[in-house]
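Good morning, colleagues. Please direct your attention to the sequence and the structure on the screen.

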Amino acid sequence: MNKAFTKETDAADDGDDEVPGLPPLPAGTRNYMTPQGYRRLREELMTLLDVERPKIVETVSWAAKNGDRSENGDYLYGKKRLREIDRRIRFLTKRLDIAEVADPSAHHGSDQVFFGATVTYANAKGEERTITIKGIDEADNLQGEVSWVAPIARALLKAREGDEVQLMTPGGLETIEVIEVRYPAP
């Protein structure tokens, strides 16, 4: 169907700046990040602005000069990719604007759990697990990193080595013991 007969616009899917799979920030909270996480997101933003976007704009401009845009794959794909890049740029800009960089090395030598800590804990069965508490935008579960708003992180925050804390899991209330707390060296 010709686009002229629909109510959709090119900006129809631009309304949602949230990235699928990333939880929104809890209302009234800050977007805590480590210095490395902030630097990584800033580099991604600069790459999109300085490299990828200009390249796609050039391709779309070239494709638009070739005539019939309705069957021009370079033009259609380029416009779609441009919308994706612009959406990501808006998302990164918003997240970086409200970011509060917290350096975990400031707590080096402490035995209390704060943002940026690497915590080893054991459940009642004696199974040990190690996690690092990071920002929402930088946590990678496959690397043993959890966001500071995750239930496990919230349960562990402000606990000390040797403390037992309660964690609500899908299987019910579970008691876990903090075995070790580490921070990166300054």
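I shall speak about one helix, then a set of paired strands, and finally a loop residue.

Please note that this is a predicted model.

I begin with helix H2, which covers residues 73-97 and so far as length is concerned has 25 residues. From its first C-alpha to its last, H2 reaches 36 Å, close to the 36 Å expected at 1.5 Å a residue. Which residues of H2 are buried? They are Tyr75, Gly78, Leu82, Arg83, Ile85, Arg87, Ile89, Phe91, Leu92, Arg95 and Leu96. The cover over these buried residues includes strand S1 (31-33), helix H1 (35-64) and strand S2 (99-101).

I turn now to the strands. Strand S7, residues 172-182, runs antiparallel to strand S3, residues 118-122, and 5 bridges join them. Within this pairing, Tyr121 has Val178 of S7 as its bridge partner. S7 also pairs with S6 in the antiparallel sense, over 6 bridges. Here Leu167 stands opposite Glu174 in S7. The connection from S6 to S7 is a hairpin through 2 residues. As a general remark, side chains in a regular strand alternate between the two faces of the sheet.

My last point concerns the backbone at Lys158. This residue lies in the loop between helix H3 (151-156) and strand S6 (164-169). Its phi is positive, at about 75°, although Lys158 is not a glycine. Is Lys158 buried or exposed? With a relative accessible area of 59%, Lys158 is exposed, since exposed denotes a value over 50%.

How values were computed:
Residues numbered from 1 in each chain as written. Predicted model: local features only at pLDDT ≥ 70, side-chain atom pairs only at ≥ 80, totals over all residues. Heavy atoms only, no water. Helix = DSSP H or I, 4+ residues; strand = E, 2+ residues; numbered from the N terminus. Buried < 20%, exposed > 50% of the residue type's maximum accessible area, 1.4 Å probe, protein only. Pairing = 2+ DSSP bridges. Expected span 1.5 Å × (residues − 1). Contact = heavy atoms within 4.5 Å.
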